[in-house]
Amino acid sequence: MLLLTHSLPELQSITRDLKSKYGPLVSLSIGSHPSVFIGSHSLTHQVLIQNGTTFSDRPEIYPLRAISTASYGPIWRTFRHNLTSNFLRPSNVKSYSCARKYALGVMISRLQKQQQQQEQAVGTIKVIDHIYLAILRLSVLMCFGEKLDDSGLNDMASVHDVVGPPPPIVVDHEPELVITEEKLQKIPYLKAVILEGLRRHPPGHLVLPHRVTKEVELQGYKTPKGATINFMVAEMGWDPDVWDEPMEFKPERFLLNDGSGVGFDVGGSKGIKMMPFGAGRRICPGADLALLHLEYFVANLIWYFHWSVADGYVVDLAEQVKFKVVMKNPLETKIISRTKGQPIDQ
Ligand code: HEM
């Protein structure tokens, strides 16, 4: 089959149809490049975890060969080693705590100012799809969007249990008090919300394309050397054979039975149920940092503000595929500062 489209939604709808007719392994040809789409959890595990060396190359379609686009070989290994053993080393990530706190202070100050201005102008506060870190954009808004009408996230009872009463107001971008990285460990429900956001609305519906380095047989289909292999991340997270009520937003599914923690292996080494960060040798090296930031900013933004839907606005979680998946219709929220005292002009 020759597929004459580069539109991801169209591609997804075609692969979804084909998958329902012919099973989880669907092979398409895009131009002259044979291209395979895998939506099966077990096959993905077999391919990326058990046969990683054969499936970790990238197709030569990128003009720039950086870490994410480099061929699987010594140059990629050097890039990856530099990144993981320096910038992303756990001790370094911990040492960026001051920068995280500063970024949070800027965010809170802006939101407080916006709240004050909008209260004066129209008596209501609208924050229009404007959370300031790109990494947070989709997941936070999706989480808020899904849970806004539910007391679960705003109350996030465990956040308040862990950190106590409302914080003091923020002056000069410097929060006196924040929910620290260490305290986040005591809020398993928060981690579950973030994971559920990434399952239900993964920022990428496909991982970056992989390339197979020798001819292989995949579930009886001969796949030639050089074929591009794509993994259907969103489909895997929504598979009713693996997830109970997959289209529902239910963070509890990630909690241990007694609610004391989260029992989920993001890397999928023993089995893949979802893979928002990919899996195997090319798995996103920033996954831990991303999860930490999502938890940190969500927890603190909930501690500092009460979030609800703007008057007359109906939450619409339709997605739009840009570089990453974003909300088609930006979220409009009303925020009320929980801080003691009034926000001041800055
Ligand atoms: C919610 C946030 C993020 C998501 C969902 C995400 C997801 C992904 C995915 C799906 C891949 C492709 C995996 C594959 O090809 O199999 C990837 C690769 C990559 N990500 Fe992330 N990522 C996130 C944040 C970050 C952050 C914060 C960093 C760096 C600080 C980062 C750095 C990278 C790099 C360097 C690669 C290429 C890895 C390689 O090819 O070896 N990502 N990411």
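**Figure 1. Residues around the ligand in the predicted model.** In this predicted model, the shell around the ligand is made up of 12 nonpolar, four polar and two charged residues. Altogether 18 residues surround the ligand, and the closest of them are Ser-68, Gly-278, Cys-284, Gly-286 and Ala-290. Of these, Ala-290 belongs to helix α12, which covers residues 287-304.

**Figure 2. The largest nonpolar core and the helices that supply it.** The largest nonpolar core holds 25 residues, and those with the most contacts inside it are Leu-184, Leu-190, Ile-194, Phe-297, Val-298, Ala-299 and Leu-301. At least two residues of this core come from each of the helices α5 (97-122), α10 (188-200) and α12 (287-304), and the largest share, nine residues, is that of α12. Another core, of 21 residues, lies apart from this one and includes Ile-38, Val-47, Met-232 and Val-233.

**Figure 3. Helix α12, its length and its buried residues.** The 18 residues of α12 should span 26 Å at 1.5 Å a residue, and because the C-alpha atoms at its ends are 26 Å apart, the expected and computed values agree. The buried residues of α12 are His-293, Leu-294, Tyr-296, Phe-297, Val-298, Ala-299, Asn-300, Leu-301, Ile-302, Trp-303 and Tyr-304. An α-helix has 3.6 residues a turn, so residues three or four places apart point the same way.

**Figure 4. Strand β7 and its pairing with β4.** In a regular strand the side chains alternate between the two faces of the sheet. In strand β7 (residues 228-231), Thr-228 and Asn-230 point one way while Ile-229 and Phe-231 point the other way, and all of these residues are buried. Strand β4 (residues 210-211) runs antiparallel to β7 and is joined to it by two bridges, with Ile-229 of β7 serving as the bridge partner of His-210.

**Figure 5. Gly-263 in the loop before α12.** Gly-263 lies in the loop between α11 (233-237) and α12. Is Gly-263 buried or exposed? Gly-263 is exposed, because 11 other C-beta atoms lie within 10 Å and a residue with 12 or fewer counts as exposed. The C-alpha atom of Gly-263 is separated by 29 Å from that of Pro-209, a residue 54 positions away along the chain.

**Figure 6. The chain as a whole.** The chain contains 12 helices and 11 strands, and 31% of its 346 residues are buried. Among the contacts in the chain with a separation of 6 or more, 73% join residues that are 24 or more positions apart.

Notes: Residues numbered from 1 in each chain as written. Predicted model: local features only at pLDDT ≥ 70, side-chain atom pairs only at ≥ 80, totals over all residues. Core = buried A, V, L, I, M, F, W, Y, C linked by C-beta atoms within 7 Å. Buried ≥ 20, exposed ≤ 12 C-beta atoms within 10 Å, placed from the backbone. Helix = DSSP H or I, 4+ residues; strand = E, 2+ residues; numbered from the N terminus. Expected span 1.5 Å × (residues − 1). Near = placed C-beta within 6 Å. Nonpolar A, V, L, I, M, F, W, Y, C, P; charged D, E, K, R; others polar. Contact = placed C-beta atoms within 7 Å. Pairing = 2+ DSSP bridges.
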